[in-house]
Amino acid sequence: MKKTSISEISDLAAQLMGKGALIAPVREEAGFNFREISDAKQVDLNFYNTIISPKSAFFPQTEDFVRYQTGKDILEATPVELNIKPAFLFGVRPCDVKSFEIMDIHFTGTGAVDPYWQKRREAAAIFGYAFDLNTPADGADFYSTLGIGAADPEGSDVFMIKKGDDLLLKAITPKGEKLLAEMSVLSDATPDDLNYFDDTVAAGRAFKTRFTCVEAKPIAKKFEDLFGNTEFWEKVSNACLSCGACTFVCPTCYCFDICDETLFGKGTRRRVWDACMFTDFTLEASGHNPRTKVYQRLRQKVCHKYSYHIRKYGPISCVGCGRCTRACPVNIDIFSIVDEAMKA
Amino acid sequence: MAISFKQIEDKLKAEAKKLLDTGTVTVVLAYGQGYDEKHPMPYAAKNAADAANIVFNEYCAANMARYLVRYPRGTKIAIAVKAADSRAVIQLIQEDKVKREDLVLLGIPVYGIKNFKTGEIIDSKTTGGLYNPVLYDILLGEEVHGQPVNSPYDVLVQYEAMDNEARWVFWKKEFDRCIRCYACRKACPMCYCDPCFIDQNKPKWGEKSPDSQGNLMYHLTRFHHLAGRCIDCGECSRACPVDIPLYLFHKKVAKECEEMFGQAAGMSIEDKPVLVNFRVDDSDKILA
């Protein structure tokens, strides 16, 4: 295990930048977001969590596939080269690390491999970062409800825990081991640090967000039973504006649209995030739209995460990061809907 | 205020119960419990028992007027309105989206309402700076008088100090941060178009991907669609997950409209929206 002083974090950042792209939380107008770092001094670990999830490191909101010229033969269109370089995703909270595992199911696990996600994922090393157990969890978070600890190192290549003014870094995978060995700016941790690390991981498992722990299967079943209960869905979706804020900040929402965007004859076929909360998400070419009502769309979102996903793939497609709740303009809280459903 | 938030809540509950009990209305649009006290939610009470779930506190910033167009025409609705919200209702009446006789306006005179995301008091910064509803049937409390009345345009000082070039740079930078979640248009009581121009693809007015061109097309068009109609509730800015200060543009346009046409949006049901009305003495300033 290694350590560094938090005040010297930019030295570590600079060394990582020498090896690849460093993607870390950066303070912006509305809060923090993961961005590629251009100046090592930008790295700031004084954050709770980012507004937008780190999924955009592997699955950017816009991904260009092919460039073309209108009126020209399709064979003259050129695929956009995937320029993948090693990347370090730095300061990812345990719940967000967990989200990558869920997203892997869809982008690689089902057999239909998405090369964009896969290659970026393979080229990246994840530096997970424990929540600060000395500050209470944000009121919107519920990751412990879903069985995710505040300091779970699983899924990270290197896991980081803050100890006073120091940052402890422990290699979790061989990739992380190799990386840490190459970081000359780090010093060796003491036996005391090792104990602190293990104690924090254990304490992280006992750290509680709101709600008590839940089991996936009974929830999945409950939502299947509630599907036709329009009264329930209308009630919980009364306030919903049907905007896409919740899905765009979500670490496990993966729906996208493929668009041809052309300007003055020059076109790009690109993938753009889409949201099941948008009216035209399900609009068919015939003009028919199977989900015209707000309650139908919110029902889709909740049931996808808490019912269909469980039935098809096993895990709940939610990590309790609380971003959707924080981003919602009308304070809709997905787990309160689950809670209400279980009582219904 | 002469009365407290709690007293307003009690009055809201009592009026809602009465209106639903007597069948005067079929729904009361007010506020309900969210996941904690600081995060109340818009709430639709549909029977007398629901009325007990109504809450009102300093975080009830939401403008309920946006929900009016969701109900079929002719639905009898009671709606809780703060100052800006009442202006939205008036504007919707002017635009014939709702009828005055179908509505019972539960007026809430209030100041000190906070943005639940930041805790910041929103009076006159992102809203019109009024404390009393412009129009109401039942007033829940007493009109607020003696509070300092700030101009809703005071916050424009810094913006107006910028020249055209600087404003262009400012907005380009702001719009580049937009993630196109459309929370702004969905939170806006005046954005009721179905479909919104940006969702159309025949013709296609703007790109779907969140890059400069599409973002600029979306926001500038939306800004202009709201010219003379924005009632300065600030909901677009509060809804934005990345805090783009949309209210600055809306306030600037509102100010220009008021100067040119002598009329602010949503102040009287007798008014016509400035951009659908023609008067021979209309300002020619823009042509000069």
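Two strands are said to pair if DSSP finds at least two bridges between them. In the predicted model described here, this criterion is met by β2(A) and β3(A), which pair in the antiparallel sense over five bridges. Within this pairing, Ile23(A) has Glu36(A) of β3(A) as its bridge partner. The hairpin formed by β2(A) and β3(A) has four residues between the strands, and Gly31(A) in this hairpin takes a positive phi near 150°.

The hairpin strands belong to an open sheet of eight strands in chain A, with the order β3-β2-β6-β7-β8-β9-β1-β10 and mixed pairing. The edges of this sheet are formed by β3 (32-36) and β10 (187-188) of chain A, each of which pairs on one side only. In general, strands of a sheet pair through backbone hydrogen bonds, either parallel or antiparallel. A parallel example is provided by β6 (residues 87-92) and β7 (residues 124-129) of chain A, which are joined by five bridges. Here Phe88(A) has Ala125(A) in β7(A) as its bridge partner. Helix α1 (residues 9-17) of chain A packs on the sheet and touches β1 (2-5), β2 (21-27), β6 and β9 (166-171) of chain A. The direction of helix α1 of chain A makes about 145° with that of β2(A).

At the level of domains, chain A is assigned a domain 1 (2-59 + 81-206) and a domain 2 (216-343). The C-alpha centres of domain 1 of chain A and domain 2 of chain A are 27 Å apart. To the contact between them, domain 1 of chain A contributes 23 residues and domain 2 of chain A contributes 19 residues. On the side of domain 1 of chain A that touches domain 2 of chain A, 13 residues are nonpolar, five are polar and five are charged.

Phe207(A) lies in the loop between α5 (191-206) and α6 (216-226) of chain A. With 18 other C-beta atoms within 10 Å, Phe207(A) is partly exposed, because a residue counts as buried at 20 or more such atoms and as exposed at 12 or fewer. Apart from its neighbours within four places in sequence, Phe207(A) is in contact with Leu133(A), Ser144(A), Gly149(A) and Ala150(A). The C-alpha atoms of Phe207(A) and Phe131(A) are separated by 9.9 Å, although these residues are 76 residues apart along the chain.

Chain B is likewise divided, into domain 1 (5-139) and domain 2 (154-287). A distance of 24 Å separates the C-alpha centres of domain 1 of chain B and domain 2 of chain B. In chain B, 27 residues of domain 1 are in contact with 24 residues of domain 2. The side of domain 1 of chain B that touches domain 2 of chain B comprises 11 nonpolar, eight polar and eight charged residues.

A helix pair was also examined in chain B. The axes of helix α4 (residues 164-176) and helix α6 (residues 212-225) of chain B come within 9 Å and cross at roughly 105°. The two helices, α4(B) and α6(B), are therefore roughly perpendicular to each other. At their contact, Lys172(B), Phe175(B) and Asp176(B) in α4(B) meet Ser212(B), Asn215(B), Leu216(B) and His219(B) in α6(B). By class, the residues of this contact are two nonpolar, three polar and two charged.

The contact between the chains takes 29 residues from chain A and 29 residues from chain B. On the side of chain A that touches chain B, at least two residues each are supplied by α8 (245-249), β11 (256-263), β12 (266-273) and α10 (323-327) of chain A. This side of chain A has 14 nonpolar, nine polar and six charged residues.

Conventions:
Residues numbered from 1 in each chain as written. Chains lettered and ligands numbered in written order. Predicted model: local features only at pLDDT ≥ 70, side-chain atom pairs only at ≥ 80, totals over all residues. Domains from an automatic or database assignment. Contact = placed C-beta atoms within 7 Å. Nonpolar A, V, L, I, M, F, W, Y, C, P; charged D, E, K, R; others polar. Axes fitted to C-alpha atoms, helices over the stretch in contact; angles between N-to-C directions. Parallel < 35°, antiparallel > 145°, perpendicular 65-115°, else oblique.
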